[in-house]
Amino acid sequence: MPYNALKIFLLSLFIVYFFAGFYVSKTIRGEKYLIFPAFLFTQVPPQIGTEYTVRILEYGGKELDHPILFPDAYKLYFDNSIALPHYNSVIRRIGMNIWQGQSGEIGQYIEALERSFLSKPVVYEIVRVKFDTIEYWRTGKTIEEKSIATFNTEDAGL
Amino acid sequence: MIKHTTQNQKNYLTRFEFILQGIARLISKSFPFRNISKIMRENYAFEKARTIVPFFYYFMVIVALYRILDLSNIVNEGQRIFAPRWPIFWADYLHYLTVIDIVHVFFILATLTGAFFYRHRAGRFIVFLGILEYHALRNSFGVTYHNWDIWVWIALLFIFLPDAWGSAHKSPRERKRFLLIFWGAQAFVLLMYSMSGMWKIIAAVGQYLNGEASAVSFDAFSLHISTQLNILPETMTSMLGPLIINYPLLGWLPLIAIIYLQSFSFFIAFRPSLHSIWALGLILFHVGAYLTIGAEFFQHIPFLLFLFLDSPFRDPRASWRQTIADLPIFGWILGYLPKRNITNAV
Amino acid sequence: MSLSHSLLEKLIVLFLVSYFVVGVYAHFYIINQEEVYLLYSWDLYTKVPPRIQTEFAILIHEFEGKRLENPIIFERARGVLYSSLTEYRHATYNKTNIQNIVRLLAPSILQDKTREIERLRMELEKTFLSHPVVYEVVEVTFNPIERWKNGRFININRLGIFTSQVF
Amino acid sequence: MNRIRAVSKLISGRLGLGDLDGFVQEDKAYERAKSIVPFFYYFLLFIALLQLLQLRHLAEPLIFAPRWPIFWADYMSFHAATTVILVFFAFSALTGAYFCRNRFGRIIAFLGFLQFHALQASFGGPNHQWDLWLWVALILIFLPDIWEKTKQSSREGKKFLIVFWGAQAFLLLTYSMSGIGKLLHAALQYFQGEAHLFMFNSAAFHVYSWLNAMQATSLLGQLIMEHPLLGWFPFMFILYVQVFAFLVAFRPSLHRVWALALVLFHMGTYFGMNAEFFYQVPLLFIFLFASPFHEPGTSWRKMISDLPLVSCLLRRLHSKHVTVT
């Protein structure tokens, strides 16, 4: 390739990548493989944040006196040879999909989550947690914990 | 009578001198320093060395950054067994966690300084201090941990690089001094491998004479691997280990090759044509050791890459013939062959 | 500071030679004591391990009241001694310590040093996750290749059997 | 047509494309660039070897859904596929390090990295950690193979340098994208009346929501909570550095400074919010810190007058001055 062609090639690569990056970020929340979403840490997070988590109600067939949220349950009930961030992203996906009414898409995530329970059967809820960002970090206090779905590992069909 | 004694003494002296000369000749032949001192006059070698050195300092920043990710592990190592080495003597006067923070942050800042000011001796000195402190911290938990030794030593050597960076002073004298320090770093790295190889040979001779399993036995490598894997927990194994345990012969030649590579490493310091091949061989050795025995010494690899793969002393015009002739043992054998041919022809 | 070329040359050679000499010295004289900080002789994997090896080990006989059909050697005790993989890793991460304890415990059993035995047992049993564990300190003789392939030992010399307790 | 030409002339004038043609001609820069490229492959090899250490304890992931470059992984177990990929990555990087002066070697290194990159993105979500390395490896394939000959025709040298520059510019482009994204969102959020970038506690919000999400703590987290402004000023500084990063590609005098600022930025995000992006750092060093276009003796005055915004201001002042006289 002659010099000028190379130059134009590179510059056009940049332009395409630039717009692709923004397009991807805008449409599908940075899900596209190979294209870097430009919007990493771009949006100032709202003061009232939302997260999704798992709450264990029954474990190993026994009903728990106090239902346990995922962060505390991780060490007890889950295969913790798998790193925490893996769980977080799977749980977030399940929660977001249910919240947006796209429960059809969560099959493989639910399956993966249930495979990681150390003992079954388990009854658990997907919980949407609302919190004040700074308060939550400081004290762990939440504003609202709302169960959006309940699953039982014994139920067929998932 | 008197004359006689002096004659005797003289004979004795000449004989002694003769032996000394022989030894000197042998040393200078095995370690032909002139090979490299010749190249030290070349400008291209100097230019190349000068582009390599900064990357050592850049790499240090990255090492420092990644070390800080390891911080929690260090904290967990425990205050209980914390026994500061002399470079962090001041740790006695501070809180344990403060010491750890200080050492890590200083390590990062020192290497950043070095990346920006590697041209100044003071900058290089600060880097040395940074890594010395970090290394001392790592070694303050009861066990000695030698993986990072080489970083300390090379950082120390590089302090002595003459400040010959600007285009203004590049007198042959400065060039030579710069390259000499650079060569010193190379020779030091190779020396470590040679020492390792030397012990293996010594042990092999001893074990062979005792009738034990030795490095030349066919199952030597599989004995190494199985002994190592027996110590490891069940879940941890190595990729190629089981294969070699099951087919011991597969491991025989590699082990011999490793001993050859390691033992003759120091010779290679004087044979620039072999620098890049030796680096490749030693990298393969490290990878192989990891895949079989599970022993990991990857901290040495940056030096093999930086200092040798594109060695400043390698003559870009060197031929394959030269390279092969420089090989220890094989080259010597080849060196005799043509001579004999010539004498035959005559 | 401006050293002349030839002086620098000598200094470098001196450095290399002294590192070598100190390394050799360290190899022969300080090998079994604590290693020297910053100096190393690089004697890694120097000797080919012998075909017949002996070492002190721990066999697990009984765990949480369950008697095991075939006693398991400590290294293979995952899922018996340690319920989760992480705990197991955590314990084996400090494995060298455990081995060091066993290395000290066995001789003190042989020499009948009651006090020392108590102390070392405490150290060891601290790492167990649940109690009681019935374990035996043994001296095993084995061929490393055979042992790795099918866990076979040539000889097991039993030193003493213990039941762990919470200290 | 004329209008298009005028626009493109304006853009190239603003960006400094003319300068680009100038500085890629320098013989010295070419010599330097030639000695820098191998280090990209050396670092790549080191990364590959560190990744190889994963083989020690491979844990089955929650989800394994191979991306297209590793389509073949569907036909084997996770362990087998990972082993093959990591070992191939190591050996391809070794090939790249040894034969980086040969396009074929660079292609193999790229392929190895592509496999590794695909593996990282195959656990159910995208993973953009190693994106830059992948793209840079791709760009470097285009380097013309003119290594051994000592004196090159300036045309070949120019081609070499433009590709090298392409890698630099790409690196900077991604930072610019991130910066511009921040600005766009700031505008959006401002008009929607939400918390936005220019509020004094915006940095603190970032820190906490990230620390919450990761369930982590950081060295400076507490400090930023007590004094949000301490987080805000560096944040604004970083915004400036990021937004104008791409422009800096055209201003060699600033390459080193920008590299340093970006390295500090990565350190800052780690100490502030425990978000670690250190895998970018080697690229910053190789391509910008060691930039072949940077003249060692560049004066501070020159650097300051080259600063984005500042240079614009100076130019305006200067032109006014000229019209007055």
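This is a short tour of a predicted model, with stops at a sheet in chain A, a helix each in chains B and D, and a cavity.

**Stop 1: the sheet in chain A**

Start with chain A and colour its strands. Four of them make an open sheet in the order 2-1-3-4, with antiparallel pairing. At the edges you'll find strand 2 (62-69) and strand 4 (144-152), each of which pairs on one side only. On average, neighbouring strands here are turned by 20° against each other, direction ignored. As a reminder, strands of a sheet pair through backbone hydrogen bonds, either parallel or antiparallel.

Now select residues 48-59 of chain A, which is strand 1. Its antiparallel pairing with strand 2 of chain A runs over four bridges. Look for Tyr59(A), which sits opposite Lys62(A) of strand 2. Two residues lie between these strands in the hairpin, and Gly60(A) has a positive phi there, near 60°.

Next, add residues 122-132 of chain A to pick up strand 3. Strands 1 and 3 of chain A run antiparallel and are joined by eleven bridges. To find your way along this pair, click Ile56(A): across from it in strand 3 is Tyr124(A).

**Stop 2: a helix in chain B**

Move to chain B and select residues 43-69, helix 3. With 27 residues at 1.5 Å each, this helix should span 39 Å, and its end C-alpha atoms are 41 Å apart, which agrees. Is it out in the open or enclosed? Helix 3 of chain B is largely enclosed by the rest of the structure, because 21 of its 27 residues are buried.

**Stop 3: a helix in chain D**

Over in chain D, pick residues 255-273. This is helix 12, whose 19 residues reach 27 Å from first C-alpha to last, close to the 27 Å expected at 1.5 Å a residue. Helix 12 of chain D has 15 of its 19 residues buried, so the rest of the structure largely encloses it. Just after the helix comes Asn274(D), with a positive phi near 60°.

**Stop 4: the largest cavity**

Last, turn to the empty space. The count is seven cavities of 30 Å³ or more, and the largest has a volume of about 330 Å³. To get there, select Lys200(B), Gln262(B), Phe285(B), Ala289(B) and Tyr45(C), the residues nearest its centre among the 21 that line it.

Which helices of chain B each supply at least two residues of that lining? Show helix 8 (172-209), helix 9 (220-231), helix 11 (249-263) and helix 13 (275-292) of chain B. Colour the lining of the largest cavity by residue type and you get 13 nonpolar, six polar and two charged.

Methods
Residues numbered from 1 in each chain as written. Chains lettered and ligands numbered in written order. Predicted model: local features only at pLDDT ≥ 70, side-chain atom pairs only at ≥ 80, totals over all residues. Heavy atoms only, no water. 1 Å grid on protein atoms, 1.4 Å probe; cavity = no way out; pocket = protein on both sides within 12 Å on 5 of 7 lines; lining within 4 Å. Points joined across faces, edges and corners; volume = space filled by probe spheres on them. Nonpolar A, V, L, I, M, F, W, Y, C, P; charged D, E, K, R; others polar. Expected span 1.5 Å × (residues − 1). Buried < 20%, exposed > 50% of the residue type's maximum accessible area, 1.4 Å probe, protein only. Pairing = 2+ DSSP bridges. Axes fitted to C-alpha atoms, helices over the stretch in contact; angles between N-to-C directions.
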